[in-house]
Amino acid sequence: MSSKIDKKPPIRSAAWRISFLATIAFACGTLVIFVFLHELVSNDIQRRTDTWLSGEVEVLGDVAARTPRNALYGRVVREIAELATREVPNKSTSTGNANDSVFFLQTSAQQQSQLWVGAGNGEADFEAIKATKFRPDTPTDVRVSGFPVPFRVACLQLGDGSHIYLGLSERDELRVLRKLRLRFFLLWLLVVFLGFGIVFLVTRRMLSHVRRITEAASRIGHSDLTERVPATQRNDEVSQLAHTLNTMLDRIESSMRQLHTITDALAHDLRSPLTAIRGKLEMSLSTTDNDEQTEPIVSAIEELDQLTDFLNKSLDVAEARADALRLTRTEINLSRLVETMVDLYEPSMAERGIRIRVSRENGVMVNGDEGLIHRMIANLLDNELKHLAPGSNVGVSLKCSGDIVSLTFEDNGKGFDPEVLEHIFVRRVKGKTSTGHGLGLAFVDAVVRAHGGTVEAINPEPGGARITISLPLTPEEARHQVTTAVRAA
Amino acid sequence: MRLLLVEDEADIQSFLQRSLEEAGYEVEVAPDARTAERLAADKQFDILIVDLGLPDRDGISLILRLRELGMRAPVLILSARRSVDDRVRGLEQGGDDYLTKPFALAELLARLRNLLKRNSPVQGEATRLHVQDLELDLLRREASRGGQVLQLTQQEFVLLEYLCRNAGRVVTRSMILDKVWGMRIVPDTNVVDVHIYRLRGKVDGAGQHPLIKTMRGVGYVLKDR
């Protein structure tokens with residue numbers, strides 16, 4: 001049976017679904033956290049850069065203001081600026097030319113470029129700065145044509161109306177952030193896949209416990225109550241479920257055993273005297289040869305046998321009503337059994353002028369209690385024999401469709417008494433004209449139910465009676481159906 | 001044949017003892033397991049009848065105990081229980097037999113005979129059966145009476161064979177159902193009687209001395225003399 005369930009592709013399993021959803025939730029959550037952290041880090045880097053720029057531009061402004069405007073002015077400021085550019089924070093070494101990440105520009109009050117320290121001639125930078133509006137004290141992003149990354153530029157106005165600009169490429173900052181993103185992404189992928197794997201394995205393990213419990217429970221439903229669902233040592237919900245189920249089974253088993261004890265005791269207490277009576281009757285029969293004297297003894301023995309049969313059937317029906325009928329299952333060839341039964345009953349039917357015909361499929365196997373199934377079919381044929389008028393027809397058919405075996409007994413007699421048809425399988429219900437003890441069909445119902453099947457009695461058009469018994473082909477099938485039902489629920 | 005009957009119910013005990021003695025057994029009776037154990041230790045028995053519900057011990061444990069002590073005689077287990085205990089099944093496989101109360105005496109006797117036969121050295125299986133002027137050829141599945149071949153169906157032949165094998169002894173309806181049709185059922189109609197009636201029509205023809213006799217309330221017997 002487990003193979004049947006295992007055949008399901010893992011992609012459709014509950015474990016897969018759970019781990020998939022958990023992973024999605026985890027991945028989204030970590031992404032949101034990362035975006036937040038990324039923002040925090042990039043803001044922090046920017047703040048540091050800005051602080052540095054503001055500090056440096058102030059120093060430079062100070063130097064520029066104090067340096068006399070002579071021929072040396074340019075050199076002094078350039079040197080100071082070059083010194084400053086060497087202290088660039090977060091500077092990567094890969095750039096080769098140190099100056100292409102930093103520039104210094106001084107413009108006159110007339111917006112003329114006066115001094116340029118940096119890579120190239122500074123034309124493009126100057127144009128870009130001219131096009132940008134600066135707020136005092138706050139560095140601003142400036143896009144310079146020819147550079148893929150913008151510059152962060154701080155501006156200071158000197159007393160004479162000239163401006164000094166200090167620009168720092170954001171290249172290094174962006175590289176740091178890019179590296180951060182790349183590392184995060186790789187780690188994120190790793191963690192997400194690992195997490196998925198772990199969740200999948202753990203859930204699958206847990207669900208396999210549940211599945212084993214389900215399998216065991218359905219097995220218990222169909223066979224013996226002594227079996228228990230597997231319980232693990234851990235005290236989690238699954239093992240609690242198993243424990244609860246097992247406690248419940250303990251209780252069911254004990255009440256079942258009580259019922260068996262009662263029915264066994266009843267059977268024992270009645271059978272012992274029956275044995276003694278029967279034995280004595282047989283003894284007296286063997287000592288008498290007079291027909292007149294033997295007749296009452298013979299009928300007493302026959303009635304005693306019927307009483308015994310009634311007792312057995314009553315107890316079987318009682319146990320079956322409580323779903324406690326004890327079955328000894330074997331493989332039964334139902335086709336052959338039906339054939340043999342009909343052969344057995346045919347002469348009696350013929351004697352009463354009843355025709356019986358069989359239509360059956362070959363090799364229909366049912367896993368069931370042989371004795372009970374024999375008695376069940378005998379019961380139904382006895383019924384036909386007792387209730388049908390001469391000249392009637394009986395049809396027995398055995399068909400197999402899918403997982404269900406259906407055995408039908410049909411006749412063209414008077415049909416069931418409409419008054420009792422509804423409760424026909426209830427114990428002690430019988431038609432007004434019936435001579436039986438009203439247990440026959442209740443017994444049939446009990447046997448069929450104990451085998452996991454159903455039985456139906458109708459008065460079909462245009463007349464007669466029909467009893468249809470449906471039995472599961474094998475208990476495996478029935479078990480599988482239970483498992484599916486549990487899963488569907 | 002020495003037989004030990006272990007049964008606590010006085011009523012059953014007395015009628016069984018009488019019938020068994022009538023059938024030719026030398027019967028000793030034990031009302032409980034303790035007595036049975038003592039008797040079995042003192043004497044050799046050919047066969048035992050043990051009731052499962054003994055006052056002092058379970059019948060199965062008594063049988064197992066006796067087996068431990070080296071008793072090898074076959075046992076017929078009597079039980080008033082409804083379901084056949086797994087342990088009984090185990091014993092059944094070990095060569096012992098099982099009968100549910102209430103039972104027909106004829107069936108009890110038949111089972112005893114079977115157990116004894118099973119335990120005795122196997123004789124060559126006969127291919128022909130003779131009962132008076134009735135002859136059955138088991139290989140060709142053919143029956144004849146007084147040289148006249150009988151037109152029997154397969155089922156009728158099996159039934160007649162069963163009667164012949166038990167010639168002179170009573171067989172009950174449930175024994176016939178069990179052995180001929182392989183069914184342990186108690187039909188509340190006369191299905192077996194009709195089969196016997198038909199068979200009798202073929203075997204005991206007009207003017208012939210009737211062989212198949214009905215024992216009312218008990219069963220049938222094929223007369224061997």
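Chain A has a mean pLDDT of 81, and 88% of its residues reach 70 or more, which is a useful place to start, since this is a predicted model. Over residues 1-7 of chain A the pLDDT is below 50, and in the model this stretch has eight contacts beyond near neighbours in sequence. The pLDDT also stays under 50 over residues 93-98 of chain A, a stretch for which the model has five contacts beyond four places in sequence.

With that in mind, we can turn to the helices of chain A. Helix 2 of chain A covers residues 14-66, and because each residue should add 1.5 Å, its 53 residues should span 78 Å, which agrees with the 77 Å that separates its end C-alpha atoms. Among the buried residues of this helix are A:S19, A:T49, A:W52 and A:L53, and A:E56, A:V57, A:L60, A:G61 and A:A64 are buried as well. Helix 9 of chain A has 18 residues, and the distance from its first C-alpha to its last is 26 Å, close to the 26 Å expected at 1.5 Å a residue. Of the 18 residues of helix 9 of chain A, 14 are buried, so this helix is largely enclosed by the rest of the structure.

Chain B comes next. It contains eight helices and twelve strands, and 37% of its 225 residues count as buried. Among the contacts in chain B with a separation of 6 or more, 55% are made by residues 24 or more positions apart.

How do the two chains meet? The contact between them takes 40 residues from chain A and 34 residues from chain B. On the side of chain A that touches chain B, helix 6 (237-287), helix 7 (291-321), helix 8 (334-351) and helix 9 (370-387) each supply at least two residues, and helix 6 of chain A gives the most, with 15 residues. The residues on this side of chain A divide into 14 nonpolar, twelve polar and 14 charged.

One part of this meeting can be followed in detail. Two packed helices are described by the angle between their axes and the distance between the axes. Helix 8 of chain A packs against helix 8 (residues 191-203) of chain B at an angle of about 80 degrees, with their axes 8 Å apart, and that angle makes the two helices roughly perpendicular. Here A:L344, A:Y345, A:P347, A:S348 and A:E351 meet B:V191, B:V194, B:H195 and B:R198, and the residues of this helix contact divide into five nonpolar, two polar and two charged.

Conventions
Residues are numbered from 1 along each chain as its sequence is written. Chains are lettered from A and ligands numbered from 1 in the order in which they are written. This is a predicted model: local features need pLDDT of at least 70, side-chain atom pairs count only at pLDDT 80 or more; totals for chains, interfaces and linings use all residues. Helices (H or I, at least four residues) and strands (E, at least two) are DSSP runs, numbered from the N terminus. A residue is buried if 20 or more other C-beta atoms lie within 10 Å of its own, exposed if 12 or fewer, and partly exposed in between; C-beta atoms are placed from the backbone. Two residues are in contact if their C-beta atoms, placed from the backbone, lie within 7 Å. The expected span of a helix is 1.5 Å times one less than its number of residues. Ala, Val, Leu, Ile, Met, Phe, Trp, Tyr, Cys and Pro count as nonpolar, Asp, Glu, Lys and Arg as charged, and the others, Gly among them, as polar. Axes are lines fitted to C-alpha atoms, for helices over the stretch in contact, and angles run from 0 to 180 degrees between N-to-C directions. Angles under 35 degrees count as roughly parallel, over 145 as roughly antiparallel, 65 to 115 as roughly perpendicular and the rest as oblique. pLDDT is the predictor's confidence in each residue, from 0 to 100.
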